[in-house]
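Q: Could you take a close look at a single part of this structure and describe how its pieces are arranged? A connected account would suit me better than a list.

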Amino acid sequence: MKPSRTRNISILFQLGGLVLAFGFVSLILLLIDADPIQAFSLLWEGAVGNTTRIASVFVVWVPIVLVTCGVLVTFTAGLWNIGIEGQITIGAIFTTGVIRMFLDTPVNPVLVIILSMLAGMLGGALWAVLAGVLKVFSGVNEIFGGLGLNFIATALNIGLIFGAWSRPGVASMSGTEPFPEVYWLPTFQNFRFSWYSILLSVIGLVVIYFLLQGTHFGLRLKAVGKSIKSAFRLGITTWQHMLLAFLVCGVFAGLAGALQVVAVYHRLIPSISSGYGFMGLMIGMLINYQAIWVAPIALFFAALNIGGIQLPIVMKLDSALTGVLQGSLVLFVLLMQGVKQRVLGKQ
Amino acid sequence: MKKKLVFWVLTVLMVSALILTACQPSAEPAPPAEEPAQVEEPEPVEEPEEFVFGMLLVGPYNDRGWSQAHHEAGEYVMENLPGTRMIYLDVVNTADRPGTTAAQLAEELVQQGAQLVVFNSDDMKDDAVEFTRNNPDVYVIHASGDSVWAEGENYVPLPNMVNVMGEMEYGKMIAGCDAALHTQTGSIGYLGPLINEETRRLVASSYLGAQYCWENYLGNDPADLNFRVTWIGFWFNIPGFTEDPTQVANEFINTGVDVIISGIDTTEALVEARKATGEGNQVYAIPYDYVGACDEAPEVCLGVPWYNWGPAYLRHITSAMNGTWESVFEWLPPDWGDINNHDTTAIGYVSGPGMSPDNEALLQQFIDELAGGLNLWVGPLNFQDGTTFLAEGQEATDHEIWYLPQLLEGIEGRSE
Amino acid sequence: MKIGFNQINKHFGEVHANVDINFNIQSGMIYGILGENGAGKSTLMKILSGFIQPDSGEIVLDGRVVEIESPADAIKFGIGMLHQDPLDFPPMQVIDNFIAGQEGGLLLKHKGIIREFKALQEQFGFTLDPEAYVDTLTVGERQQLEILRLLWLGARVLILDEPTTGISVQQKEKLFAALRVLAQQEKTVVFVSHKLEDVEVLCDKVAVLRNGCLVGEVESPFDTDQLVELMFGKLIILKDPESVSGDEIVFELQNLYIEQYPITIENVNFRLHAGEVIGLAGMEGSGQDVLLRACAGLQRPVSGRVIVNGEDLTGKNYHEFIRKGVGFLPASRLEEGLVPGLTLAEHFTVTSDEKQKLFIDKTYFRSLSEQMIDEYRIIGRPDTPVESLSGGNQQRAALSLLKDSLSIILLEHPTRGLDMESSIYMWDKLRERCKRGTSIFFISADLDEVLRYSDRILVFFSGRVSKPQDSAAIDLDQLGLMIGGKGWEQEIANEETYEAISNA
């Protein structure tokens with residue numbers, strides 16, 4: 001079979017998964033007496049209906065892209081970096097810490113922002129490498145190690161917000177005291193998104209694309225991911241590469257966390273990672289680890305997230321419904337990949 | 001063969017899904033038959049006279065607690081003020097709605113036609129201020145906030161914002177008195193959430209009420225009253241981070257506490273009290289926030305201090321419609337004529353089935369005294385660390401109570 | 001059952017794997033399908049057993065045209081196929097595996113089935129323990145189990161794909177005896193192999209395939225030269241290579257003591273000369289693999305020393321060994337030799353010395369891999385994933401990945417699963433390296449291979465290592481006896497004198 005035909009069939013199956021997912025959600029909507037057409041048009045309207053909404057979609061897009069870029073690296077090395085949520089959180093904590101250090105000092109705020117973001121990347125990387133060290137040297141599966149580290153990161157985060165970094169007199173779910181505006185990443189006009197965030201995620205995308213497609217390092221990671229034993233026999237230092245994969249992923253996660261602080265919330269909040277880490281893992285699987293698809297699929301998920309707000313407001317649908325749509329989307333697309341392999345594998 | 005079958009099944013599935021979606025609008029008029037009394041139409045029909053108000057709820061609209069109290073207040077406004085319609089969005093918090101802020105969501109409500117927006121949580125303070133500043137044409141009610149209190153410590157002049165809060169201090173005093181009247185062991189436990197100015201003043205109020213009734217109605221030595229607070233660290237249980245409220249409640253019970261006053265959003269205190277009572281060890285609990293909170297375990301529920309936001313919202317929405325809006329900070333007392341009157345009071349106290357008739361009379365006497373002007377925030381009162389809070393005869397100002405920096409002497413437990 | 005192939009054609013992309021195949025197989029005989037790797041044997045057998053469907057042509061069973069859609073279909077028609085790697089379910093017991101695949105009957109009459117199983121295996125002289133776990137069985141025993149299972153499912157035609165790969169000589173004898181019993185019972189046995197010697201002793205008739213075409217059918221008794229010519233289209237004559245061993249010592253083992261349960265290897269002393277070829281002979285699991293891995297730095301010795309080019313590398317890791325000029329080709333190529341999912345070009349990229357650079361020069365590596373593909377006659381393109389190469393080509397690719405300047409190459413079963421031409425080619429390439437001064441340690445179960453290519457031989461028997469035997473001074477029978485554990489008293493006596501001499 002010619003490659004182009006195979007690719008067409010693949011796309012057909014992916015689309016099939018998409019259609020099935022939408023069909024499934026329609027079915028649920030019908031069961032609860034809601035109009036699917038109205039729901040889907042609201043989703044669309046809610047995501048692209050006006051410039052503010054589009055801007056909001058990009059606010060969500062940025063961290064999803066960065067996180068997905070990160071997990072592609074660990075996926076390539078055959079690792080399930082479940083600890084990514086914690087890495088985002090620690091990144092955000094480091095960023096907040098640095099800004100707090102320089103509040104009320106004469107240091108140039110621009111410099112502080114840059115320093116704080118670097119610190120965020122460092123924090124994410126440290127936390128990721130910790131998961132890697134647990135795996136490589138103690139034999140703790142990265143999934144369990146990551147879950148444990150997520151837990152610790154969350155506890156640390158909440159501990160800081162309600163403890164050492166709490167607002168004067170008031171510990172609040174809304175997070176730490178917001179930073180003065182000079183420490184905000186400049187936003188575009190009155191919109192919520194910042195060109196700098198967009199720029200950083202685009203740079204991230206390009207870096208990851210070339211890292212995985214065009215570098216010796218990326219190829220070695222791929223070899224480790226495909227067969228760790230063979231890669232070792234071919235002379236690749238396998239555990240070092242696994243740690244490096246964690247490190248790179250952690251840098252991206254940390255940057256996502258840093259941007260959540262300096263560009264979105266301007267403070268540390270309890271759920272700073274916002275579940276983007278798990279979403280990144282989901283998207284990574286959905287796009288079958290191909291960097292080229294990160295941007296559009298992340299955009300799609302971001303749009304669902306923002307558009308989904310309309311459903312409870314207008315139709316009084318349960319707020320969990322967009323989550324159901326995202327989940328069933330991933331399930332059905334993966335299902336169709338399995339079906340495709342069965343069907344094509346036969347020939 | 002198998003291959004063909006798979007294709008066939010898939011085709012049928014896809015086609016049926018498409019047909020289902022496509023046929024929907026013409027096929028069904030969508031009768032909301034079994035939906036419970038939905039007052040408003042699902043479609044945003046714009047009528048010229050209609051006044052739409054939006055509400056952002058921090059928790060689920062049916063949480064049997066804080067958010068449900070607000071949601072029911074919104075329904076109360078629609079019933080009593082023709083021409084108004086509520087739209088709302090619940091679970092407005094960053095954990096449930098990643099990547100969004102309350103300010104952004106408020107703007108979505110405005111896009112759906114809201115002319116006034118209610119922020120129902122102290123946690124939304126920054127967003128409420130930001131939104132109010134950026135949308136000078138939209139009226140904002142921030143419940144539990146203090147941003148437009150000129151004497152307050154967080155004053156921001158915002159002509160289109162109103163702050164509303166009920167004087168729950170009275171509710172908690174009544175709860176404290178109730179607890180003191182029922183304790184056999186002289187030990188009262190307060191299941192506290194996180195520590196802040198608001199929670200501190202509510203614990204202190206409970207203590208003041210308990211102490212007053214213990215001494216004046218029961219004639220006991222104040223030194224014999226044991227009043228403890230244990231903070232779990234948050235409004236509800238987060239395994240691993242907060243202390244487990246179930247364990248804290250049990251710890252209370254095991255160390256002789258027989259009345260638990262709950263300051264958290266969930267019902268562990270009631271559940272554990274019922275369990276202990278079932279085992280032959282009579283323990284009572286007093287929940288918080290919502291008028292129907294006793295339903296979880298009525299037999300051990302002494303009563304519940306509850307918020308009634310409806311009248312205040314009705315008043316402010318009316319003034320917004322009439323053009324008589326005024327930016328104010330309101331800290332509203334109960335209607336002393338009938339503290340449980342849904343049309344007039346800001347907070348109330350509903351007695352639960354666990355209450356004995358004798359004590360009910362004493363409690364009513366306490367309420368009457370409060371109504372008659374009894375002020376418990378009068379010196380001499382010391383802080384927990386022994387320093388003087390109020391000298392002999394000195395009355396606390398609103399400012400001193402609102403921003404209470406420490407617990408009071410006599411309360412066991414952490415101040416920060 | 002009579003099987004007819006009628007104008008069978010099958011394409012895989014550009015490759016025409018079966019071209020107008022026409023022939024018949026009578027029942028009650030052992031029928032060989034002979035051909036080198038990639039000749040189209042496996043494709044044809046997969047068509048017969050329902051794994052794949054032909055593009056055109058038909059299968060005729062006892063005069064009836066049938067469509068075989070799946071392996072389950074095939075077994076309904078009475079056709080059972082034994083794969084190169086028997087498909088089994090490792091965590092199961094033998095008896096559970098035996099009944100797996102049976103239709104219906106969830107309520108298993110265990111005792112009755114064990115009795116039937118024993119009766120069945122008695123016919124063939126198999127002695128499997130029905131309670132044993134499948135993962136404890138050897139390859140040969142798994143094969144026996146699979147045969148029994150297929151027969152019990154009602155197979156009247158048994159297809160065996162390269163069944164003599166990876167099993168011991170004794171097990172091979174047992175297998176052949178069982179196949180002869182089956183033929184006597186009027187079952188049809190189809191024996192797919194590239195090994196002339198197996199086909200010659202076993203089959204009644206063979207069909208020879210080359211490049212997807214049927215090039216001839218020959219009846220027993222066979223003329224070896226004729227078969228070789230049919231297989232390869234030309235005559236290949238084997239001649240013993242000359243030794244190129246020099247005097248310089250490149251590799252040395254001193255008092256090596258290794259423990260790897262259940263094998264303990266004690267007190268190995270050995271010096272390897274540049275260009276020398278050493279064969280490690282012994283039954284599988286006698287310790288030769290443990291020693292080889294110790295030589296590669298993959299197995300840490302308890303005591304003793306491993307010295308490469310005069311440098312003590314004991315306790316260093318495998319990558320240090322690689323850097324110091326040790327190359328290792330493991331037997332399971334796709335598990336620990338090549339990376340499935342990576343292309344040939346990617347393999348050359350990963351193993352090249354250019355890897356310190358950041359970006360991959362794709363043009364350079366494309367031409368490098370084209371050059372290597374050419375040089376090592378690998379049938380594949382730079383962008384071919386290694387797992388889709390045939391076994392022989394995978395082995396050539398693995399060899400081509402080894403650096404040119406190695407001091408010693410360690411090989412496990414260098415020609416296992418390879419056809420004769422590939423094997424010969426493999427050794428040609430290895431000898432070329434020997435001439436340039438590289439020494440070779442290799443394990444092989446094929447004693448002919450050990451005798452033919454080794455300068456000296458180390459024989460292993462349950463952890464014991466013989467003193468080096470000069471391959472010119474030992475013949476096949478002696479070697480076979482030593483592997484089986486005979487003649488070691490003499491060896492021990494020798495060893496003592498050997499030690500006495502070296503201690504003196």
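A: Two strands are taken to pair if DSSP finds at least two bridges between them. In this predicted model, strand 1 of chain B, which covers residues 51-56, pairs with strand 2 of chain B in the parallel sense, and 6 bridges join the two. Within this part of the model, Val52(B) stands opposite Arg85(B), a residue of strand 2 of chain B. In general, the strands of a sheet pair through backbone hydrogen bonds, and they may do so in a parallel or an antiparallel way.

The wider setting is an open sheet in chain B, built from 6 strands in the order 2-1-3-4-5-11, with parallel pairing. Its edges are formed by strand 2 (84-89) and strand 11 (329-332) of chain B, each of which pairs on one side only. If direction is ignored, neighbouring strands of the sheet are turned against each other by 20° on average. Helix 9 of chain B, residues 310-322, packs on this sheet and touches strand 1, strand 2, strand 3 (116-119), strand 4 (139-143), strand 5 (161-166) and strand 11 of chain B. The direction of helix 9 of chain B makes about 165° with that of strand 4 of chain B.

Chain A, for its part, has 14 helices and 0 strands. Its radius of gyration is 21 Å, close to the 20 Å that the globule rule gives for 347 residues, so chain A is as compact as a globular protein of that length. Of the 347 residues of chain A, 55% count as buried.

Methods
Residues are numbered from 1 along each chain as its sequence is written. Chains are lettered from A and ligands numbered from 1 in the order in which they are written. This is a predicted model: local features need pLDDT of at least 70, side-chain atom pairs count only at pLDDT 80 or more; totals for chains, interfaces and linings use all residues. Helices (H or I, at least four residues) and strands (E, at least two) are DSSP runs, numbered from the N terminus. Axes are lines fitted to C-alpha atoms, for helices over the stretch in contact, and angles run from 0 to 180 degrees between N-to-C directions. Two residues are in contact if their C-beta atoms, placed from the backbone, lie within 7 Å. The radius of gyration is taken over C-alpha atoms; the globule rule is 2.2 Å times the number of residues to the power 0.38. A residue is buried if 20 or more other C-beta atoms lie within 10 Å of its own, exposed if 12 or fewer, and partly exposed in between; C-beta atoms are placed from the backbone.
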